[in-house]
Amino acid sequence: MAFLLCCQDGASEASRKTSSRTAQPEIFDGAYNGMGGESGGVIGLLEVIESDFARLEAETVAEEAKAKKEFDDFMEDSKVDKAAKRTAAEHKTRKKQTKSQDLTTAQADLLGTQKELDAATSTFEKLSATCLDTGASFKERQAKRAQEITDLQQALEMLQSEIR
């Protein structure tokens, strides 16, 4: 009770100070009347708080549901994407192994073919010396052939003269 009296004394003192002011500051157009139309006291204030809380709760629940749906969609998309990438990686790994085996086979074939080429080149070089006599010109060979024919004809005449 003493508290109420003290509060009432403080309120009456504040009202005396307010009423003692007779001049309004120039910034106000008129006297402050308060929230006359919305005066519901403590119950009205609690009702406003309750409605604000209900609205905030509804918004939060809706946002959480939306965020959860977005998260679930993202996780589903991520699972699908992860599975696709895993499959692609496995396919590429198998393809790499196949290409590696093909490369090893091709290198072995190249080595064998190179050995065959080296052998063929060696044989060609050996045979080209005997097959391609590029030392004499055409006129020299023609003269040599004519001389050989003449020598053979003389040898034939000698053999025929001895037989007779």
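What percentage of the 164 residues of the protein chain count as buried? The figure is 1%. This is a predicted model, and the description below follows the chain from its overall layout to single side chains.

**Overall layout**

The protein chain contains 3 helices and 0 strands. Along the sequence the pattern reads α-α-α. Helix α1 covers residues 2-20, while helix α2 covers residues 41-131. The accessible surface of the chain comes to about 15,700 Å². Carbon and sulfur atoms account for 60% of that surface.

**Confidence**

The mean pLDDT of the protein chain is 83, and 74% of the residues score at least 70. Among the elements of the chain, helix α2 has the highest mean pLDDT, 94, and helix α1 the lowest, 49. Over residues 1-7 the pLDDT is below 50. Beyond near neighbours in sequence, that stretch has 0 contacts in the model.

**A nonpolar patch**

Which residues form a nonpolar patch on the surface? They are Val42, Ile43, Leu45, Leu46 and Ile49. Together these residues have about 510 Å² of accessible area. One of them, Leu46, has its place in helix α2.

**Salt bridges**

Side chains of opposite charge can pair when their charged atoms come close. In this model the count comes to 5 salt bridges. The table gives three of these pairs, with the distance between N and O atoms.

| Pair | N to O distance | Separation in helix α2 |
|---|---|---|
| Arg55 and Asp52 | 3.9 Å | 3 residues |
| Arg55 and Glu59 | 3.4 Å | 4 residues |
| Lys85 and Asp81 | 3.2 Å | 4 residues |

Where do the partners Arg55 and Asp52 lie? Both are in helix α2, about one turn of the helix apart. Arg55 and Glu59 are also separated by about one helical turn, because they are 4 residues apart in helix α2. For Lys85 and Asp81, the spacing in helix α2 is again about one turn.

How accessible are these side chains? Lys85 has a relative accessible area of 53%, so Lys85 counts as exposed. Its partner Asp81 has 38% and is therefore partly exposed. Salt bridges that share partners join Asp52, Arg55 and Glu59 into one network. Within this network, Arg55 is the residue that pairs with Asp52 and with Glu59. Arg55 has a relative accessibility of 45%, so Arg55 counts as partly exposed. Asp52 is at 37% and therefore counts as partly exposed. Glu59 is at 37% relative accessibility, which means that Glu59 counts as partly exposed.

**A contact with the backbone**

Thr121 is found in helix α2. What does the side chain of Thr121 reach? At 2.8 Å lies the backbone oxygen of Leu117. Thr121 has a relative accessibility of 34%, so Thr121 is partly exposed.

**Summary**

The chain consists of 3 helices and 0 strands, with 1% of its residues buried. Helix α2, which has the highest mean pLDDT among the elements, holds Leu46 of the nonpolar patch, the pair Lys85 and Asp81, and Thr121.

Key: Residues numbered from 1 in each chain as written. Predicted model: local features only at pLDDT ≥ 70, side-chain atom pairs only at ≥ 80, totals over all residues. Heavy atoms only, no water. Patch = residues over 30% accessible without salt bridge, like charges linked within 9 Å, V, L, I, M, F, W, Y side chains within 5 Å. Areas by Shrake-Rupley, 256 points an atom, 1.4 Å probe, with all protein chains shown as cover. Salt bridge = Lys/Arg side-chain N within 4 Å of Asp/Glu carboxyl O. Helix = DSSP H or I, 4+ residues; strand = E, 2+ residues; numbered from the N terminus. Buried < 20%, exposed > 50% of the residue type's maximum accessible area, 1.4 Å probe, protein only. pLDDT = per-residue confidence, 0-100. Contact = heavy atoms within 4.5 Å. Polar contact = N/O pair within 3.5 Å; in protein donor to acceptor, adjacent residues only side chain to side chain.
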